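Welcome to a short set of exercises on reading a fold from its parts. Keep the sequence and the 3D view open, and try each task before you look at the solution.

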Amino acid sequence: MKIVDAQVHIWGPNTPERPWPARAEPHREPLGKDELLAEMDKAGVDGAIIVPPSWEGDRNDLANEAARAHPTRFATMGRFDPEAPGATGQLADWKKQPGMLGVRFTFHTEVLRQPLLDGRFDWVWGELEKRGIPAMVLFHHEYMHLADKVAERYPGLRLVLDHLGLKSGKGVTEAMNFATLDNVLALARRPNVAAKVSAMPCYAADKTYPFKSVHPHIRRVFDAFGPKRTFWGTDLSRLPCSYRQGVTMFTEEMPWLKGSDLEDVMGRGVCEWLGWKL
């Protein structure tokens, strides 16, 4: 079974030569490709999809470098700024970048969401659909209807819902997060929408492995989206357990997830969805 993590971040330090925009806080100290590779080897993870983090801005240089150096281990869902100079022409050659599978947009903060609400993304969705470029999108539950509208209007565009739209931070509880999970499950009716059951230990009420309190929620997602549209991932840089435990939580602690279904959830499904011939 090939195990492929549907989301990891790598990033460098905030320096005058490579400054970050002031729009998000990092999970931890910088995490580079070599450290990530070592962690993957210890955990038994064959491949990982790099999602450049929002705190670095709309740049993909480190992800592209990692995919170029290790094409059988890394691929990228890159950041794209629809208002950057020459943006309208960038998508034509988007997939020619090393390991580039698609794009990733984050709409989970007011600053990041405003361009979408202002209509500055309107042209992007049709261009992605036209060129067969999938997108990972991060919406919280109260804005999930916006993702639904995109999926409905552009049925040929493959969308992946990140982290089930869950929130993290002070005062956010598991009960609060999953009370509105139906907002996510409703999108399972769209055949062009998939869901990432990523970073699940981060949202568990019980803070120790194997984080059984979130298992029933994962089962609900699996039952709604099916094995081909339910993608395991860790968001490793904020995982509250070892990388190996992030794997075995799914491969050993959920008896209902087995056989071909397990292979789909643990990597085959996301590779097929994004077109990564690993």
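**Exercise 1. The largest pocket**

By class, how many nonpolar, polar and charged residues does the lining of the largest pocket have?

*Solution.* Bear in mind that this is a predicted model. Start with the lining, which is made up of 21 residues. Sorting by class gives five nonpolar, 10 polar and six charged residues. Next, look towards the centre of the pocket: His-27, His-108, Leu-138, Ser-168 and Arg-238 are the lining residues nearest to it. Finally, the volume of this pocket comes to about 370 Å³.

**Exercise 2. Two sides of helix α1**

Find the buried residues of helix α1 (residues 33-43) and explain how they are arranged around the axis.

*Solution.* Begin by picking out residues under 20% relative accessible area. In α1 these are Lys-33, Leu-36, Leu-37, Met-40 and Ala-43. They span an arc of only 130 degrees around the axis, so they sit on the same side of α1. Now turn to the face pointing away from that buried side: there you meet the exposed residues Asp-34, Asp-41 and Lys-42.

**Exercise 3. The same approach on helix α4**

Which residues of helix α4 (residues 110-117) are buried, and which are exposed on the other side?

*Solution.* The buried set consists of Leu-112, Arg-113, Pro-115 and Leu-116. Their arc around the axis is only 150 degrees, which means that they share the same side of α4. Across the helix, Glu-110 and Val-111 are exposed.

**Exercise 4. Strand β2 and its partners**

Work out which strands pair with β2 and in what sense.

*Solution.* First take the strand itself: from β2 (residues 47-50), Gly-47 and Ile-49 point one way, Ala-48 and Ile-50 point the other way, and all are buried. One partner is strand β1 (residues 4-8), which runs parallel to β2 and is joined to it by three bridges; here Val-4 has Gly-47 as its bridge partner. Another is strand β3 (residues 74-78), also parallel over three bridges, with Ile-49 partnered by Ala-75. To get from β2 to β3 the chain passes through helix α2 (residues 61-69), in a right-handed β-α-β crossover.

**Exercise 5. A unit further along**

Describe how β7 and β8 pair, and give the hand of the unit they make with helix α9.

*Solution.* Strand β7 (residues 193-198) pairs with β8 in the parallel sense, over four bridges. Ala-195 lies opposite Thr-230 of β8. Thr-230 and Trp-232 point one way from β8 (residues 230-233), Phe-231 and Gly-233 the other way, and all are buried. Adding helix α9 (residues 215-225) to the two strands completes a right-handed β-α-β unit.

Methods:
Residues numbered from 1 in each chain as written. Predicted model: local features only at pLDDT ≥ 70, side-chain atom pairs only at ≥ 80, totals over all residues. Heavy atoms only, no water. Buried < 20%, exposed > 50% of the residue type's maximum accessible area, 1.4 Å probe, protein only. Pairing = 2+ DSSP bridges. Right-handed = clockwise from strand over helix to strand, strands pointing away. 1 Å grid on protein atoms, 1.4 Å probe; cavity = no way out; pocket = protein on both sides within 12 Å on 5 of 7 lines; lining within 4 Å. Points joined across faces, edges and corners; volume = space filled by probe spheres on them. Nonpolar A, V, L, I, M, F, W, Y, C, P; charged D, E, K, R; others polar. Arc of directions from axis to C-beta.
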